[in-house]
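Visitor: I am new to this structure. Could you walk me through it?

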Amino acid sequence: MFAQSLTGPLHGFPPRPDTSRLLTLEIEPDGSAGELNTFWESKPGDGIDGFAIAESGNIYAALALSRAVVVVSPEGKELKRNPPNLLANFLLDVPMDDPASVAFLDDRVLVTNHTLFLGNPKSYVVYDVYAGERGKKPYRPHVR
């Protein structure tokens, strides 16, 4: 699985960020690339960045442009967003400002806040979010 941050194309002025996607790529028995499939497609302007997969198969993904973390089921359905909207984000002690990388630490999700567009040093944090489930160990392919 991998992320496509923006589907584009950008049309006119101002540029129009389209949807983001989580994609899967089948691997053929001989090791060659198979079919590319869309697993999940975001709302327009979400701007998916990093993601991590739970043992349950749920995917936790940072949405940089919509300033949230989304949870997607193993069936490709959006389960929830945190924070659920921009107002809820604004009310956080440190609002999400372009969240990026996501990683599991036991039953918690760590999310970096990289404040790419505003560059606010007060926003340089790593969120520690209770997920209630453990993450899968990262897959590290063997390269010959």
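What follows is a short round of questions and answers on this predicted model.

Visitor: In which order do the strands of the open sheet of 4 strands run?
Guide: Let us start with the pairing. Neighbours in this open sheet pair in the antiparallel sense. The twist from one strand to the next averages 20°. The order is β4-β5-β6-β7.

Visitor: Which are the edge strands?
Guide: An edge strand here pairs on one side only. Two strands fit that description, one at residues 48-53 and one at 78-82. They are β4 and β7.

Visitor: What is the bridge partner of Phe51 in β5?
Guide: β4 covers residues 48-53. β4 pairs with β5, residues 59-63, over 4 antiparallel bridges. Within β5, the partner of Phe51 is Ala61.

Visitor: How many bridges join β2 to β3?
Guide: These two strands run antiparallel. They form a hairpin with 5 residues between the strands, and Gly31 in that hairpin takes a positive phi near 90°. Leu25 stands opposite Leu36 in β3. The number of bridges joining β2 to β3 is 6.

Visitor: Which parts do Glu41 and Arg21 tie together?
Guide: Their side chains meet in a salt bridge, at 3.5 Å from N to O. The two residues are 20 apart in sequence. Glu41 lies in one strand and Arg21 in another, so the pair ties together β3 and β2.

Visitor: Is Glu41 buried, exposed or partly exposed?
Guide: Buried means under 20% relative accessible area, and exposed means over 50%. Glu41 has 37% relative accessibility. That value falls between the two cut-offs, so Glu41 counts as partly exposed.

Visitor: Where do Arg81 and Asp46 sit in the chain?
Guide: Their side chains meet in a salt bridge, 2.6 Å from N to O. The pair links distant parts of the chain, 35 residues apart. Arg81 is in strand β7, and Asp46 is in the loop between β3 and β4.

Visitor: Are Arg81 and Asp46 buried or exposed?
Guide: The cut-off for buried is under 20% relative accessible area. Arg81 has 16%. Asp46 has 3%. Both values are under the cut-off, so Arg81 and Asp46 are buried.

Visitor: Which residue is linked with Asp46 and Arg81 in a network of salt bridges?
Guide: Asp46 and Arg81 already meet in a salt bridge. The network links them with one further residue. That residue is Glu78.

Visitor: In the salt bridge of Arg67 and Asp97, what is the N to O distance?
Guide: Arg67 is in the loop between β5 and β6, and Asp97 is in the loop between α1 and β8. They are 30 residues apart. Arg67 is partly exposed at 26%, whereas Asp97 is buried at 5%. The distance is 3.6 Å.

Visitor: How many salt bridges does the count come to?
Guide: Side chains of opposite charge can pair when their charged atoms come close. Among the pairs here are Glu41 with Arg21 and Arg67 with Asp97. The count comes to 6.

Visitor: What volume does the largest pocket have?
Guide: The largest pocket is lined by 13 residues, and those closest to its centre are Ile53, Lys136, Lys137, Pro138 and Tyr139. β4 and β8 each supply at least two residues of the lining. The volume is about 380 Å³.

Visitor: How many residues of the lining of the largest pocket are nonpolar?
Guide: Take the other classes before the answer. The lining has 1 polar and 3 charged residues. The number of nonpolar residues is 9.

Terms used. Residues are numbered from 1 along each chain as its sequence is written. This is a predicted model: local features need pLDDT of at least 70, side-chain atom pairs count only at pLDDT 80 or more; totals for chains, interfaces and linings use all residues. Side-chain values use heavy atoms; hydrogens and water are left out. Two strands pair if DSSP finds at least two bridges between them. Axes are lines fitted to C-alpha atoms, for helices over the stretch in contact, and angles run from 0 to 180 degrees between N-to-C directions. On a 1 Å grid over the protein atoms alone, a cavity is a set of points where a 1.4 Å probe fits but cannot get out, and a pocket is an open set with protein on both sides within 12 Å along at least five of seven lines; lining residues have an atom within 4 Å of a point. Grid points are joined across faces, edges and corners, and a volume is the space filled by probe spheres set on the points. Ala, Val, Leu, Ile, Met, Phe, Trp, Tyr, Cys and Pro count as nonpolar, Asp, Glu, Lys and Arg as charged, and the others, Gly among them, as polar. A salt bridge is a side-chain nitrogen of Lys or Arg within 4 Å of a carboxyl oxygen of Asp or Glu. Buried means under 20% relative accessible area, exposed over 50%, partly exposed in between (1.4 Å probe, protein chains only).
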